[in-house]
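Colleague: Please consider the model shown below. I should like to discuss its side-chain interactions with you.

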Amino acid sequence: MPSEYIMYLSILLVGSLAIGGISVTMIAINNSMEDRAIETNMENILQKIAEAIYGLKESSQLQIAQGATTLDTHVMLSIPEQIQEEEYKIEVIISNLTYSLKASLIDNPDVSVTVSLLISPSSISISGLIESTGAVPRVRFTYDGVTSNIILED
């Protein structure tokens with residue numbers, strides 16, 4: 001009788017450990033999938049902003065080629081204020097070879113996505129920061145007759 005009792009307790013313990021292990025695994029998978037969904041949404045937003053930068057750059061350079069001596073134009077952006085109830089920011093990262101856009105969560109900067117713009121720093125200056133809760137996010141192109149600048153601003 002005592003050996004059967006110990007056997008039943010052992011089976012109950014093994015079952016409990018198995019259920020606990022499965023629960024921990026499912027929670028980890030769920031968290032991983034949420035991070036992937038956030039990263040995918042941020043990457044889509046960065047691609048949209050990159051398209052706005054390229055379009056503004058091309059149209060402005062065409063105006064400069066046609067004789068414009070100064071320019072100050074902008075494109076308004078329509079970006080969501082939150083991604084899965086998380087606020088985020090978008091910033092310009094510069095390296096020796098190219099500019100990149102980086103989106104990261106404000107509360108958890110480890111969740112981030114970077115998209116290369118493939119624009120050389122020697123051809124134009126790009127800078128700025130957009131927070132998802134900013135009033136009017138936009139991409140602005142300025143030209144003063146000598147230098148061209150693209151600025152991300154709220």
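**Charged pairs and nonpolar core**

Colleague: In which helix do Arg-36 and Glu-39 both lie?

Modeller: Arg-36 and Glu-39 are 3 residues apart, about one turn of the helix. Helices here are DSSP runs of H or I with at least four residues, strands are runs of E with at least two, and both are numbered from the N terminus. The element that holds both residues is α1.

Colleague: On what basis are such statements made?

Modeller: The model is predicted, so local features need pLDDT of at least 70 and side-chain atom pairs count only at pLDDT 80 or more, whereas totals for chains, interfaces and linings use all residues. Residues are numbered from 1 along each chain as its sequence is written, and side-chain values use heavy atoms, leaving out hydrogens and water.

Colleague: How far apart are the closest N and O atoms of Arg-36 and Glu-39?

Modeller: The two residues form a salt bridge, that is, a side-chain nitrogen of Lys or Arg within 4 Å of a carboxyl oxygen of Asp or Glu. Arg-36 is exposed at 53% relative accessibility, and Glu-39 is partly exposed at 21% (buried is under 20%, exposed over 50%, partly exposed in between; 1.4 Å probe, protein chains only). The N and O atoms are separated by 3.5 Å.

Colleague: Which residue forms a salt bridge with Arg-140?

Modeller: The closest N and O atoms of this pair are 3.8 Å apart. Arg-140 lies in strand β6 and its partner in strand β7, so the pair ties together parts that are 13 residues apart in sequence. Arg-140 is partly exposed at 25% relative accessibility, while the partner counts as buried at 16%. That partner is Glu-153.

Colleague: Which residues are linked with Asp-72 in a network of salt bridges?

Modeller: Glu-153 and Arg-138 meet in a salt bridge of 2.7 Å, N to O. Glu-153 is in strand β7 and Arg-138 in strand β6, so this pair joins parts that are 15 residues apart in sequence. Linked with Asp-72 in the network are Arg-138, Arg-140 and Glu-153.

Colleague: Which element supplies the largest share of the largest nonpolar core?

Modeller: A nonpolar core is a set of buried Ala, Val, Leu, Ile, Met, Phe, Trp, Tyr and Cys residues joined through side-chain atoms within 4.5 Å. Of its 33 residues, Met-42, Ile-49, Ile-53, Ile-90, Leu-101 and Leu-152 touch the most other members. Elements with at least two residues in this core include β2 (88-94), β3 (99-105) and β7 (148-153). The largest share, 9 residues, comes from α1.
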